[in-house]
Amino acid sequence: MSMNQTPRGDRLHIALFGRRNAGKSSVINAMTHQNIAIVSEVKGTTTDPVYKAMEILPIGPVVIIDTAGLDDEGALGELRIKKTLEVLHKTDVALLIVDAELGFSEYDQHILDRLSDKKIPVIVVFNKSDVKNADDEVMKNLESLYDLKCLKVSAVTLAGIEELKDTLKLLVPEDESKFRIVGDLIKPGDFVVLVTPIDKAAPKGRLILPQQQVIRDIIESDAIAIVTKEHELRETLEGLKKQPSLVITDSQVFLKVAADTPKHIPMTSFSILFARHKGDLIALAKGAKAIEKLQDGDRVLISEGCTHHRQADDIGRVKIPRWLRQMTGKQLEFDFTSGTQFTEDVRAYKLIVHCGACMLNKAAMTYRIEQAEAFGVPIVNYGVLIGYVQGVLERALKPFKAAYQAYIEE
């Protein structure tokens, strides 16, 4: 990803659902004025979900998700449908593409009900209007029953495509606060000190994505970002003429930063900020208390939202298992997942430890937290867990009143 691009996790995720050959890929190409998706008369051209990050005016930066047809057949078709339905968990806005020639089908009804159950905003798009007009009565009934918008379009003639994009724009949340990471904790003119260790895991020549995003949010808040490494923190703080309103650290140097930051200066971590930004910090903070209850033989899932090159002392594969064994004194079993894979058997675990989710969107991370809560399985993220095992979590949660109160009362 280019440093100048909006991170995928912060882009609006627009997923297209529908039967095979309804024209999902053709609609994508029509909306973007590019041949982004493969189009063919052969049914089932799109197999696994395809993700494309792009800009669509007047909407802005988005991720378009092209899915397999819901009427796919055979054993392989069932796997494709399963993958398609998994996309629901990361969808912000859905387009249900209906073949106007064939009309609204039971497959369309099934996915519309699923979208409605998950309260995902949806537009029902009757494609191929150049060949046959959709039934106006059917459209009116759907709009009334599901409180949504139905549109007629043609991916061939581009009729209705601009109206579709304008309608999509209306479904984009206007509340910019949902995209803030740290901005609501600081004021214009505040100093914010960021502690960013440079180690083997850091990308060559640049900062990691969460650090970039936090710096951007600080600047957009008209505050001042001061970046330093952990060994220079004390000197940095002593050299400032004004007390910083917040110190934000990489979790791996929590202890040193906590020791070098005076108690009266608020301190937290990048990972804890992202626990709030992408998920539910209250639930994740409560999950940390479950560490005390782990017993011999308990299974712990460590899940990361991206794939990356593993280092010899990898945080997820090596450090966290070691810290948990040392703290509990128990013989624990660990499973690992990464990328789009989470787990189909949440109940198998006594604790789930998740990364900061900088590469996932909020919908995807919220789904994972909700799955854990539904089965009564505690879930915690890297930063919260590290703060807990190193004895600094209570201090790191103080900038977040609700999460701090929930944690101390747990």
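Tutor: Two strands count as paired if DSSP finds at least two bridges between them. Keep that criterion in mind as we go through this model, which is predicted.

Student: How do you know that strand S7 and S8 pair?

Tutor: Strand S7, residues 191-195, and S8 are joined over 5 bridges in the parallel sense, and the criterion asks for at least two, so the two strands pair. For one of these residues the partner can be named, since Val 193 has Ile 226 in S8 as its bridge partner.

Student: What makes strand S8 and strand S10 the edges of the sheet?

Tutor: The open sheet has 4 strands in the order S8-S7-S9-S10, with parallel pairing. Strand S8 (224-228) and strand S10 (267-269) each have a single partner strand, so one side of each is left without a neighbour in the sheet. Neighbouring strands of this sheet are turned against each other by 25° on average, with direction ignored.

Student: Which helix lies across S7, strand S9 and S10?

Tutor: Helix H9, residues 270-278, lies across S7, strand S9 (246-249) and S10, and runs at about 70° to S10.

Student: Why is H9 called roughly perpendicular to H12?

Tutor: Two packed helices are described by the angle between their axes and the distance between the axes. The axes of H9 and helix H12, residues 362-374, come within 9 Å and cross at roughly 90°. Angles of 65 to 115 degrees count as roughly perpendicular, and that makes H9 roughly perpendicular to H12. In this contact Arg 276, His 277 and Lys 278 of H9 meet Lys 362, Met 365 and Thr 366 of H12, and these residues divide into 1 nonpolar, 2 polar and 3 charged.

Student: What makes helix H10 largely enclosed by the rest of the structure?

Tutor: A residue is buried when its relative accessible area is under 20%. In helix H10, residues 281-288, 6 of the 8 residues are buried, so the helix is largely enclosed by the rest of the structure. The buried residues of H10 are Leu 281, Ala 283, Leu 284, Ala 285, Gly 287 and Ala 288. For the chain as a whole, buried residues make up 53% of the 410 residues.

Student: How do you know that there is a polar contact at the start of H10?

Tutor: A side-chain oxygen of Asp 280 reaches to within 3.1 Å of the backbone nitrogen of Ile 282, and the limit for a pair of N or O atoms is 3.5 Å, so this pair falls inside the limit. By the same limit one can judge Ser 129, which lies in the loop between strand S5 (122-127) and helix H4 (136-146), as a polar atom of the Ser 129 side chain lies 2.9 Å from the backbone oxygen of Val 153.

Student: Why is Leu 158 called partly exposed, and why is Asp 222 called exposed?

Tutor: Exposed means over 50% relative accessible area, buried means under 20%, and partly exposed covers what is in between. Leu 158 has 39% relative accessibility and therefore counts as partly exposed, whereas Asp 222 has a relative accessible area of 55% and is therefore exposed. Leu 158 is found in the loop between strand S6 (149-152) and helix H5 (161-171), and Asp 222 in the loop between helix H6 (209-220) and S8. Phi is positive in each of these non-glycine residues, being near 70° for Leu 158 and near 60° for Asp 222.

Key. Residues are numbered from 1 along each chain as its sequence is written. This is a predicted model: local features need pLDDT of at least 70, side-chain atom pairs count only at pLDDT 80 or more; totals for chains, interfaces and linings use all residues. Side-chain values use heavy atoms; hydrogens and water are left out. Axes are lines fitted to C-alpha atoms, for helices over the stretch in contact, and angles run from 0 to 180 degrees between N-to-C directions. Contact means heavy atoms within 4.5 Å. A polar contact is a pair of N or O atoms within 3.5 Å; within protein, one must be able to donate a hydrogen and the other to accept it, and residues adjacent in sequence count only if both atoms are side-chain atoms. Angles under 35 degrees count as roughly parallel, over 145 as roughly antiparallel, 65 to 115 as roughly perpendicular and the rest as oblique. Ala, Val, Leu, Ile, Met, Phe, Trp, Tyr, Cys and Pro count as nonpolar, Asp, Glu, Lys and Arg as charged, and the others, Gly among them, as polar. Buried means under 20% relative accessible area, exposed over 50%, partly exposed in between (1.4 Å probe, protein chains only).
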